[in-house]
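Colleague: I'm new to reading structures, so could you walk me through this one? I'll ask, you explain.

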Amino acid sequence: MTMRPFFVSGLITFLKSPRILLLAGLCVSAFYAGDCRTRDQLPHSVDLSNTPFFPPVMDQGEIGSCDWFAVVYYQMTFLYNRQYQRPVAPENTFSPQFGYNILNNAGSFPYNIRVDDVYKFVERHGCAVLTESPYDRNYLPWCTDAAVWRNALQYRTAGYSFFTFRDESPGADDSFGSEEAFLHEMKSLLSAGEVLVIQSETFAGFFSRIADDPATGEDDPFIGESILIKGKNGPEHTVAVVGYNDHVWADLNRDGVAQAAEKGALKIADSIGPDAPDHNRGFLWMAYSAAGPSIFQHRVNRMIIRDRYVPRILAKLTLNAQERDKIRFQFGRSPKAEPPLPAGLKSVFDPYGLGYEPCTAGVSLIAGGDLSFGGGKEPGDGSFTFDLTDLDADGSGDYWYFRITNSGEKPVIIREFEILDTEEGFIIADQGLPFTLVQQEVYRSLKLRE
Ligand SMILES: [Ca+2]
Ligand SMILES: [Ca+2]
């Protein structure tokens, strides 16, 4: 594993007052920018990786976890650390492995994960940090510690959005009519302090070197660095955009003159380590002229985070199983204890990737892993915490229920099912456990009110 020591700044202190935080937020754009800007102009360069909030470049290794590195490790870590004004450290850096291992169907190169699944997973479950879920490239074991799942919930995001160019990406929240406007939007968001996520097959691109534009000295620190001048457009790799620089120049037509169309590049954080070829200490320059055509569906993803989220209603669950992929479960509210429950019941929580509802890719995201929760072949326990707060808000009925199916021939034992109200400070626990199920569906109900 290639990891350099985390950068810790003594200059950044925690700001507790929301008012001070707001002021800090207003000042922060100038902090990122490499040079001045006027009211109507964007700065000429921005580098969010050069702030105390950004984690060091890591190497994903020989497993297909790039989506999780781009979204969780780079984008989410930066956004939360920036919001809370805390310098990056392992205890506030999000683990690419926590969610990846749940959804990768026990394959090192999962056939089913899309970048949307990463955003949807962290919207439901949040994300564990590196100190609680280290990245060791072992893609088989799930996190089986309910305390780690619970800590992750404070980082449940509010969702995500994406924009595109000429409606190339279905379902986009916004679509720009020209490459210029599209690129301007990216630069505008970067200068406002947002790390963005794109898909691009950068590993198959064509590279050149940054030349020295004699008209400016602003490009001089980057002369000789590698720059991507022609990309391959596809979804096979996911990366984070962390900045841009209008000054850098690649002499595309090799006439020794810096034409306007040859200037400028996006800065990209990759996840193949600091020594990757064609990279500059783990980062890529992607020339503006290559950016549009190299970004899959011209799709740029933004993460929407929350501020100091505290879950109110939690479900704690401990199961013992030998074949985790045979299990589906969900939680809900009901007016009565006995199934069948009312059809079309809205008050249901399907844990993303583990529940009854099909996911983005149209298949179960945990298919194929006939292993225990710990990734082995012997039966073992797994403990989890899920956030039912949203369900409680629109829920009705006096009962919480837990619905579970074991479609396999090996027994699943429900050892623990509890509802915790963190605000009122009470726990309701299922007293009828353990309960064993084989090739059957079971409901467990807990009465909420007397
Ligand atoms: Ca120069
Ligand atoms: Ca030229």
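Modeller: Sure! Helices here are DSSP runs of at least four residues and strands are runs of at least two, numbered from the N terminus. And keep in mind that this is a predicted model.

Colleague: Okay, so how many helices and strands are there in the chain?

Modeller: Counting those runs along the chain gives two totals. For helices the number is 8, and for strands it's 19.

Colleague: What share of the residues is buried?

Modeller: A residue counts as buried when its relative accessible area is under 20%. The chain has 450 residues, and the buried part of them comes to 56%.

Colleague: And which residues coordinate the calcium ion?

Modeller: Look at ligand 1, where the donors sit at 2.2 to 2.4 Å. Along the chain they follow the spacing D-D-x2-T-x2-D-D. Asp213 and Thr216 each give an O atom, while the other three use OD atoms. Those three are Asp212, Asp219 and Asp220.

Colleague: Asp212 and Asp213 are both on that list. Which of the two is buried, and which is partly exposed?

Modeller: Buried means under 20%, exposed means over 50%, and partly exposed is in between. Asp212 has a relative accessible area of 40%, so Asp212 is partly exposed. The value for Asp213 is 7%, so the buried one is Asp213.

Colleague: Now Leu391: is it buried or exposed?

Modeller: Leu391 lies in helix H8, which covers residues 389–394. Its relative accessible area is 5%, and the cut-off is under 20%. That makes Leu391 buried.

Colleague: How far apart in space are Leu391 and Ser347?

Modeller: In sequence they're 44 residues apart. Ser347 is still one of the contacts of Leu391 beyond its neighbours within four places, and the list also includes Phe331, Val348 and Trp400. From C-alpha to C-alpha, the separation is 5.7 Å.

Colleague: Last one: how are helices H2 and H3 oriented to each other?

Modeller: The axes of H2 (residues 66–83) and H3 (residues 96–103) come within 9 Å and cross at roughly 140 degrees. The contact is made by Trp68, Phe69, Val72 and Tyr73 of H2 with Pro96, Gly99, Tyr100 and Leu103 of H3. The crossing is right-handed. Roughly antiparallel would need an angle over 145 degrees, so H2 and H3 count as oblique.

Technical notes: Residues are numbered from 1 along each chain as its sequence is written. Chains are lettered from A and ligands numbered from 1 in the order in which they are written. This is a predicted model: local features need pLDDT of at least 70, side-chain atom pairs count only at pLDDT 80 or more; totals for chains, interfaces and linings use all residues. Side-chain values use heavy atoms; hydrogens and water are left out. Buried means under 20% relative accessible area, exposed over 50%, partly exposed in between (1.4 Å probe, protein chains only). Donors are N, O and S atoms within 2.8 Å of the metal (3.2 Å for Na, K and Ca); water is not among the atoms, so sites may look incomplete. Contact means heavy atoms within 4.5 Å. Axes are lines fitted to C-alpha atoms, for helices over the stretch in contact, and angles run from 0 to 180 degrees between N-to-C directions. Angles under 35 degrees count as roughly parallel, over 145 as roughly antiparallel, 65 to 115 as roughly perpendicular and the rest as oblique. A crossing is left-handed if the near helix is turned anticlockwise from the far one by less than a right angle, and right-handed if clockwise.
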